[in-house]
Amino acid sequence: MKKYLIVLLSVLLALALVGCGTASKETTTEPPAQEEAEEKDETTAKEPGDKQSLGDDIKDSLEEGAEGKVTAGDTTMEYGGDWPSYALLNDIPKPSVGTVATSEEVAGKMAGVMLVDMTMDDCKEYTAGLPDAGFDQNVVESDMQGIYSFSADNADGLHIDCGYVSESVMIQVSVIEE
C-alpha cells in the first residue's frame with residue numbers, strides 16, 4: 001500500500017510541477033499599458049459566488065485535448081481518453097454518461113476511473129444498478145451535504161466504491177483479500 005501511495009503522489013507531484021511551469025517574460029520599468037491592465041482584470045475578475053469546481057478544472061483540461069499514460073512498476077495511470085480496458089473494470093457496468101478524466105490500475109488488484117460531466121443524480125442512478133450487476137453484499141450508502149458514496153461487494157470477491165464530490169465521480173473496484 002505504501003508503494004502505491006508513493007507512486008500516486010509522485011505522479012501527482014510531476015503533473016503539478018508541469019502545470020505550474022511559467023514562461024519567462026521580459027520585464028521593464030514602464031507601467032503596463034491600460035489595455036493590458038483591463039485585460040488582466042477581465043480574466044481574473046469573477047462574480048461573487050462564481051467559483052470553478054474541481055470537476056470544471058478537469059473538464060477544461062480534457063477539452064484542451066489532454067491525454068497521457070504513466071506506468072511505474074505495477075501501476076498504470078492514464079488521463080483522458082475512452083473507458084479503460086482494465087480487467088477489473090470489465091466486471092462492472094459502464095456509466096451511460098460522463099467523460100473519463102483519469103484512470104488507474106494496480107497489479108490487477110485495484111482499478112479506478114474518475115469521470116466528469118456527471119451530476120449527483122447521475123451517480124445515484126448508476127449506483128442504483130450496481131446491485132443488479134451483482135454488487136449486492138455489504139452495501140453501504142451515504143448522502144451528506146453534496147457528497148455521495150456507495151460501496152458493496154459481490155459474490156466473486158470484488159468490492160466497488162463509487163463516490164460523487166465536486167461535479168466528479170470516482171469508481172474504484174478492488175479484489176477483496178482474505
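Buried here means under 20% relative accessible area, and that cut-off comes up again in the last view of this predicted model.

**View 1. The open sheet and its edges.** Eight strands make up this open sheet, lined up as S1-S2-S3-S4-S8-S7-S6-S5 with antiparallel pairing. At the edges you'll find strand S1 (68-72) and strand S5 (137-144); each has a single partner strand, so one side of each is left without a neighbour in the sheet. On average, and ignoring direction, neighbouring strands are turned by 10° against each other.

**View 2. S3 next to S4.** Zoom in on strand S3 (residues 99-106) and strand S4 (residues 110-116), which pair up in the antiparallel sense over seven bridges. To pick out a bridge by residue, look for Glu105: its bridge partner in S4 is Ala111.

**View 3. A helix across four strands.** Helix H4 (residues 120-128) lies across S5, strand S6 (147-153), strand S7 (158-165) and strand S8 (168-175). Relative to S7, helix H4 runs at about 165°.

**View 4. Gly112 and its surroundings.** Gly112 sits in strand S4. Its relative accessible area is 1%, and buried means under 20%, so Gly112 counts as buried. Skipping neighbours within four places in sequence, Gly112 is in contact with Tyr86, Leu89, Thr102, Ser103, Glu104, Met170, Ile171 and Gln172. Met77 is another residue to find in this view: 35 residues from Gly112 along the chain, with 9.4 Å separating the two C-alpha atoms.

How values were computed: Residues numbered from 1 in each chain as written. Predicted model: local features only at pLDDT ≥ 70, side-chain atom pairs only at ≥ 80, totals over all residues. Heavy atoms only, no water. Pairing = 2+ DSSP bridges. Helix = DSSP H or I, 4+ residues; strand = E, 2+ residues; numbered from the N terminus. Axes fitted to C-alpha atoms, helices over the stretch in contact; angles between N-to-C directions. Contact = heavy atoms within 4.5 Å. Buried < 20%, exposed > 50% of the residue type's maximum accessible area, 1.4 Å probe, protein only.
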